[in-house]
Amino acid sequence: MEKEKLLEVKDLKTYFLLRDETVKAVDGVSFDVYEGETFGLVGESGCGKSQTCRSILKLLKRPGEIVGGEILYKGQDIVKMDKNEIRNIRGKEISIIFQEPMTSLNPVLKIKTQMFEAFHDSNMSKQEKLEKAIELLKLVGIPSPETRIEEYTHQFSGGMRQRAMIACALGARPKLLLADEPTTALDVTIQDQILKLINSLKDELKMSVILVTHDLGVVAQMCDRVAVMYAGIIVEMTDTVTLFSKPRHPYTYALMGSLPDQSKRGSRLEPITGAPPNLANLPAGCPFAPRCRYAEEICTKERPDIFEIDPGHFTRCHFPEKVRTFTGIIDVPKEEVGNNG
Ligand SMILES: Nc1ncnc2c1ncn2[C@@H]1O[C@H](COP(=O)(O)OP(=O)(O)OP(=O)(O)O)[C@@H](O)[C@H]1O
Ligand code: SF4
Ligand SMILES: [Mg+2]
């Protein structure tokens, strides 16, 4: 059976309009998220992953602004929604887990109060809310939830805070969860637990997930499809197995070269030589050209368009076949690539 599209992001542009310059944080990003899938957004720091997520819920901080494009959720354009309309979606249909739990949990409120706020259901009695909150804390693996629910965020460890934030985000049983680096800053064992938790809740609640990460190991473990971002644009997008077995963009390949080995799992990617471009002053051609080992003259002059190189596999490169030719990449048998999809 064909899966339905839950979210369609079309040519999204989110800019920071500063006095002297415009930072093009998201510059024409398009992707779909299907019901029940985990869609990964991966790329180096500053490439626009978080601003893409924030745009989906219109949670941009000024002077950030959506200046173009559409974000269709169940066919309705979020970009055009007013404050009341977006309130009916935020935290109910779509929830977000932020990179840093302390920015979304309030230190002066009890966990209980914050969870009650997340329910958005005025028909529930206090007792019902309490029972539901305890059930959710149990679900995310917080021990003794009956007593811990009366505590404040600062009494929780980093891992527990992340769990509490996930419990708040799931309070309304959303159809779509935006998980922005949900495991950054947590130790490896807790990272694994949280990722497994998101996976099992995804199945239980039949939700879709957009998972933002630096870590290609996490992508392999969690995602059905993935978009690789670079300098505010998507440079490659395909299913996870294909991404690892047949990458068709030099940047994706470079990211794989910097994949931390198993003993360093969970650590950040080793940086690729050279720095990403200034998003306020992008080069005329391919933004990856100054760092790309395959760049030719055309790359510095003409920005490549994204195109479908194989069914469902998109790349944005003038010479995608070079990744295969010059690196001697051989296609890895599918069973050797971890994927839950
Ligand atoms: N307040 C701001 N003013 C100006 N530019 C900003 C502001 N916040 C973000 N940006 C720009 O937006 C770009 C994208 O930021 P974003 O937070 O989406 O990156 P990211 O991919 O999530 O990075 P990280 O992996 O470090 O979280 C940044 O490179 C930065 O230049
Ligand atoms: S377009 Fe050119 S510079 Fe850009 S990734 Fe492809 S080969 Fe490299
Ligand atoms: Mg981010």
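Glutamate 181 is found in the loop between β7 (176-180) and α8 (188-205). In this predicted model, the phi of glutamate 181 is near 45°, a positive value in a residue other than glycine. Glutamate 181 counts as buried, because its relative accessibility is 5% and the limit for buried is under 20%.

Lysine 58 also has a positive phi, about 50°, although lysine 58 is not a glycine. This residue comes just after α1, in the loop between α1 and β4. Is lysine 58 buried or partly exposed? Lysine 58 counts as partly exposed, because its relative accessibility is 28%, and partly exposed residues fall between the limits of 20% and 50%.

The loop between α1 and β4 (64-73) also holds proline 63. A cis peptide bond, with omega about 5°, joins arginine 62 to proline 63.

Before this loop comes helix α1, residues 49-56, which is mostly covered: seven of its eight residues are buried. These buried residues are Lys49, Ser50, Thr52, Cys53, Arg54, Ser55 and Ile56.

Two members of α1 turn up again as contacts of residues in the N-terminal part of the chain. Ser55 is one of the residues touched by threonine 14, and Ile56 is among those touched by leucine 7. Leaving out residues up to four places away in sequence, threonine 14 touches Val23, Lys24, Ala25, Val26, Ser55, Leu60, Glu65 and Ile66. Threonine 14 lies in strand β1.

The table compares the accessibility of four residues.

| Residue | Relative accessibility | Class |
|---|---|---|
| Threonine 14 | 0% | buried |
| Glutamate 181 | 5% | buried |
| Threonine 242 | 16% | buried |
| Lysine 58 | 28% | partly exposed |

Threonine 242 is found in helix α10, residues 240-245. Setting aside residues up to four places away in sequence, threonine 242 touches Pro247 and His313.

Glutamate 4 lies in the segment before β1 (5-17). Which residues does glutamate 4 contact, leaving aside neighbours within four places in sequence? They are Val33, Tyr34 and Glu35. Glutamate 4 and glutamate 35 are 31 residues apart along the chain, but their C-alpha atoms are separated by 5.7 Å.

Leucine 7 has contacts in several parts of the sequence. Not counting residues up to four places away, leucine 7 touches Phe31, Asp32, Val33, Ile56, Ile71, Leu72, Tyr73, Leu176 and Ile210. Leu7, Phe31, Ile94, Ile166 and Ile210 have the most contacts inside the largest nonpolar core, which has 100 residues. Helix α7 (residues 158-170) gives the largest share of this core, eight residues.

The protein as a whole has 13 helices and 12 strands. Of its 341 residues, 51% count as buried. Among contacts between residues at least 6 apart in sequence, 65% join residues at least 24 apart.

The last topic is ligand 2. The space taken by ligand 2 is the largest cavity. Which residues come nearest to ligand 2? Of the 13 residues around ligand 2, these are Cys286, Cys292, Cys299, Cys317 and His318. By type, the shell around ligand 2 divides into 11 nonpolar residues, two polar and no charged.

Terms used
Residues are numbered from 1 along each chain as its sequence is written. Chains are lettered from A and ligands numbered from 1 in the order in which they are written. This is a predicted model: local features need pLDDT of at least 70, side-chain atom pairs count only at pLDDT 80 or more; totals for chains, interfaces and linings use all residues. Side-chain values use heavy atoms; hydrogens and water are left out. A residue is near a molecule or strand if one of its heavy atoms lies within 4 Å of it. On a 1 Å grid over the protein atoms alone, a cavity is a set of points where a 1.4 Å probe fits but cannot get out, and a pocket is an open set with protein on both sides within 12 Å along at least five of seven lines; lining residues have an atom within 4 Å of a point. A molecule sits in a cavity or pocket if more than half of its atoms lie within 2 Å of its grid points. Ala, Val, Leu, Ile, Met, Phe, Trp, Tyr, Cys and Pro count as nonpolar, Asp, Glu, Lys and Arg as charged, and the others, Gly among them, as polar. Helices (H or I, at least four residues) and strands (E, at least two) are DSSP runs, numbered from the N terminus. Contact means heavy atoms within 4.5 Å. A nonpolar core is a set of buried Ala, Val, Leu, Ile, Met, Phe, Trp, Tyr and Cys residues joined through side-chain atoms within 4.5 Å. Buried means under 20% relative accessible area, exposed over 50%, partly exposed in between (1.4 Å probe, protein chains only).
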